[in-house]
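User: Hi! Could you walk me through some side-chain packing in this protein?

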Amino acid sequence: MNIITKRFDLGDGRMIEIETGKLAKQADGAAVVRMNDTMLLATVCSKREVGENVDFMPLTVDYQEKYAAMGKFPGGFFKREARPSEHEILIARLVDRALRPLFPDNFHAEVQVQITLISGDKNTMPDQLAALAAASALAVSDIPFNGPVSEVRVSYLNGEYIINTPAQDIENADLDLIVAATDENIMMVEGEMKEVSEEVMLNALKAAHEAIRIQCRAIAELTVEAGKTEKREYCHEVNDEELRQRIHDNCYQKCYDFAKQGIANKQMREEGFEAIKQEFIEANYTEETLTDDVKFMIDRYYHDTEREAMRDMVLAEKVRLDGRKPEEIRPLWSEVNYLPSAHGSAIFTRGETQSLSTVTLGTKLDEQIIDGAVVEGTSRFLLHYNFPGFATGEVKGNRGLSRREVGHGHLAWRALKEVLPSENECPYTIRVVSDILESNGSSSMATVCAGCLALMDAGVKIRKPVAGIAMGMISKGEKWVVLSDILGDEDHLGDMDFKVTGTRDGITACQMDIKVDGLSYDVLAKALEQARQGRLYLLDHIESTIPAPREDYKPFVPRIVQIEIPKDFIGAVIGKGGEVIQKIQKETNTIINIEEKGEVGVVDIASPDKESIEVALKWVKEICTVPEVGQVYDAKVVSIVEFGAFLEFLPGKEGLMHISEYDWKRTETLEGVLNVGDEVQVKIIAIDEKTGKLKLSHRALLPKPEGYVEEAPRPRREGGNGGNNHGPRREGGNGHGPRREGDDRRRSGGDRHRD
């Protein structure tokens, strides 16, 4: 067994180890990456042959977290790992975007990369190691790959840039990015920020790149030691160079001139370029000579020619495919409150890209429960992005959620969550849904703008509006141009897709994919500044549509009142087996949630009916009320006994009103005077310090008759307890009734005392 191990320092004593040769030796390549107790196993396998007429890279990247890695059982009925969670999909996408551009353009064999978390610790996040593990597995295989490449997390915390930040510190950081790069170039960036400046972000990329270079050198050394510097030979394309040249000679200038017209309509533009290709085919081929293989090569060569002509035209003319200048943004229009029954809604349209977004406000019970192997907890803000086929005029079945939809939705979620009000300010669970109705590029950024508008339409008091813009770039040699608000075609033919979101004061999220070598920091700085200018333009438009969040929620939105109660009263509000809280909810038509936070219980009461909330709120407050002498209540008769009546004056709280405390005049019996269920206003006149039992009086609230003379107390039956429900008593058993003259004896609890 030939086990090879490479270890390197992050620069602060924290070590990362790469090991190969011990596990999964039948895979084309396998490696284990370890940092602290977090270990990832990455394997890579590739087919030797390719399918017929395949001209793309069929790469699949999967990431899975084993629950055993964290000493946990999976949830659900089957108690085993199932389909990937959104968290796992997002990590797989990060790795895919780092690897895909580095395979040779003419290598089309199917490749599968699988990354598995086999051991984990809660303070070392696996996402920052996943691409390193995958690149290491490729490095020790014979699969053609233009690496090495690696990935790190960089955070900006207390004025410093931290690499592979401990999980406990990520939440407090002002910037949290995952960056992938080769030794020479940054390839991929994704992350979120707390309104940081463009300068802070640029310096974060530089700090990350320095750390990645160390990892790339370790991977290169691993390749040499594993004896895998020579990769397999392959030949996946059959080419006709004479045909390639003929297509270029015949079609390049036509494509250039057509692109120069600046046609804004995507369909007309596609039809125009297709007509140029068809003209070449009709001039050179008959139905018999146009075989499938020839048609396949024509499509490929014409695509390359069209791409070259469009890129050259933009660089030379500084005019884009739809006629815009490089920094110009497509026409905008927006509308809020479009859907009458939604809690909040907005349409945002930018050129031929359109998002219809809705906001739904729910209770604590609507929070998303996250039960992953590493990440667990709840989320009160959800954002979902949907991209149906008709958005691009395609016939495409809806076969479930795509990875692209997960990724685009997560980016918009990151963009907006920074400006949401706190839970104390807005106790709702918030769900934003963006349905893309048209798409010609930048649909995720349309989601950010439409989501912001819908939140404000719903009355959610976001701190500041947020907008998003997608930047592109075209370069050739020393020439380059940065494009604002890119089209789908510009994304496809360009060298960069750089999405930036933020407020007027800074960036809140970004996502960048680089498709070209040698992208300088000067270009990135230009792109960030141009994005900032575009963002301000978009924010002006958003604020012209709705200048601020609505003052109040719409009338049909469930209202939520939040109060804090002492921690000791949580059990009393819930009741045995939940009987009390269920009774309150049933009788008041409300939804109540209680959460323990420190020394208090936070109670959310929700209902579309304001009066119902007030009734439930009063009920909860009464349960948590500590009775005091002198307080007055409307009490309900629970039972009548010989010596008085027991009354419930607060939920779950009872006291005794002795017969002598009902009226100033003598009352022989309360039978017939009061009935069970009657309401009587009473005042607390005494609380037993030892037992906490309460003495109530209705008489104390009545005017005292003129000339009233106290009577002697009535004698008590043996066993009386002064009115605290310890058994039947005779009249006058609590010593508070009128006394007979000369009677100076009392009985209490069966013991006789002399005054």
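User: Are F77 and F78 buried or exposed?

Analyst: Happy to help, and please keep in mind that this is a predicted model. The structure holds 12 aromatic pairs. F77 and F78 form one that is edge-to-face, with 85 degrees between the planes and 5.4 Å centre to centre. As for their surroundings, both F77 and F78 are exposed.

User: Thanks! Why is the pair of F381 and W413 stacked?

Analyst: Planes under 30 degrees apart count as stacked. The ring centres of F381 and W413 lie 6.5 Å apart, and their planes meet at 15 degrees, so the pair is stacked. F381 belongs to strand β16 and W413 to helix α8, 32 residues apart, and the pair links distant parts of the chain.

User: Why is F381 buried, whereas W413 is partly exposed?

Analyst: Buried means under 20% relative accessible area, and partly exposed runs from there up to 50%. W413 is partly exposed because its value is 22%. F381 is buried because its relative accessible area is 5%.

User: Where is R232, and which side chain does it join in a polar contact of 3.5 Å?

Analyst: R232 sits in the loop between α4 and α5. It is buried, with a relative accessible area of 10%. Its contacts include D28, K47 and D142. The side chain that R232 joins in the polar contact of 3.5 Å is that of S46.

User: Which ring does the charged end of R404 sit over?

Analyst: For a charge to sit over a ring, CZ of Arg must be within 6 Å of the ring centre. The charged end of R404 is 4.4 Å from the centre of its partner ring, which belongs to F387.

Key: Residues are numbered from 1 along each chain as its sequence is written. This is a predicted model: local features need pLDDT of at least 70, side-chain atom pairs count only at pLDDT 80 or more; totals for chains, interfaces and linings use all residues. Side-chain values use heavy atoms; hydrogens and water are left out. Helices (H or I, at least four residues) and strands (E, at least two) are DSSP runs, numbered from the N terminus. Buried means under 20% relative accessible area, exposed over 50%, partly exposed in between (1.4 Å probe, protein chains only). Contact means heavy atoms within 4.5 Å. A polar contact is a pair of N or O atoms within 3.5 Å; within protein, one must be able to donate a hydrogen and the other to accept it, and residues adjacent in sequence count only if both atoms are side-chain atoms. Rings of Phe, Tyr and Trp (its six-membered ring) pair if their centres lie within 6.5 Å; planes under 30 degrees apart count as stacked, over 60 as edge-to-face and the rest as tilted. A charge sits over a ring if NZ of Lys or CZ of Arg is within 6 Å of the ring centre and within 35 degrees of the ring normal. Lists of a residue's contacts leave out its neighbours within four places in sequence.
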